[in-house]
Amino acid sequence: MGKSQSSHYVTKGLTKSKNDFELVIRTSKELEYLLTKYLGARGKGLHEKTNSVENEISQYLAGKLHFIATIRNRIVHERDFKGIPNRKEYVEAFKEAQDELARTIEQSHRVDRHQF
């Protein structure tokens, strides 16, 4: 999917962190919140929440969410995983996932992204 013209409504500050740990935690928490609040996702983490709504989201979005969840889990749980391997790729994946998720929420719930 290409870049949308929409602004990244909640990325203000989320992707500005210079600390990889903070970036990963804050962005994954935001996605988990949106999945849970607007799509009724269930589960312990981003992988489980994504799987719980797989019939409501595109494969594209699921792939981005699983990518983000994998980086999050590795940075938190693996001792030798010191930071995001490709920060630019991670931030872009987050922004794309966030925009696609916002479109999905708007289409399924008729909620304007500015209400998030």
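Colleague: Which residue has its backbone oxygen 2.9 Å from a polar atom of the side chain of Thr104?

Modeller: Bear in mind this is a predicted model: local features need pLDDT (the predictor's confidence in each residue, from 0 to 100) of at least 70, side-chain atom pairs count only at pLDDT 80 or more, and totals for chains, interfaces and linings use all residues. Residues are numbered from 1 along each chain as its sequence is written, and side-chain values use heavy atoms, with hydrogens and water left out. Thr104 sits in helix α4, helices being DSSP runs of H or I with at least four residues, numbered from the N terminus. Its side chain has a polar atom 2.9 Å from the backbone oxygen of Glu100.

Colleague: Is Thr104 buried or exposed?

Modeller: Thr104 touches Leu39, Glu56, Ile57 and Leu61, not counting residues up to four places away in sequence; a contact means heavy atoms within 4.5 Å. Buried means under 20% relative accessible area, exposed over 50% and partly exposed in between, with a 1.4 Å probe and protein chains only. Because Thr104 has 11% relative accessibility, it counts as buried.

Colleague: What does Gly43 count as, then?

Modeller: Gly43 lies in the loop between α1 and α2. Beyond four places in sequence, Gly43 is in contact with Glu48 and Lys49. Since its relative accessible area is 38%, Gly43 is partly exposed.

Colleague: Which helices each supply at least two residues of the largest nonpolar core?

Modeller: A nonpolar core is a set of buried Ala, Val, Leu, Ile, Met, Phe, Trp, Tyr and Cys residues joined through side-chain atoms within 4.5 Å. The largest one has 28 residues, and Leu35, Leu65, Ile68 and Leu101 touch the most other members. Helices that each give at least two residues are α1 (20-39), α3 (59-77) and α4 (87-109).

Colleague: Which two of those top core members does Leu35 itself contact?

Modeller: Leave aside the neighbours of Leu35 within four places in sequence, and its contacts include Gly40, Ala41, Leu46, Lys49, Thr50 and Val53. The list also holds Leu65 and Leu101.

Colleague: Where does pLDDT stay under 50?

Modeller: The chain averages a pLDDT of 87, and 83% of the residues score at least 70. Confidence is highest in helix α2 (residues 46-52), at 98, and lowest in α4, at a mean of 93. The stretch under 50, for which the model has 21 contacts beyond four places in sequence, is residues 1-10.

Note on methods:
Polar contact = N/O pair within 3.5 Å; in protein donor to acceptor, adjacent residues only side chain to side chain.
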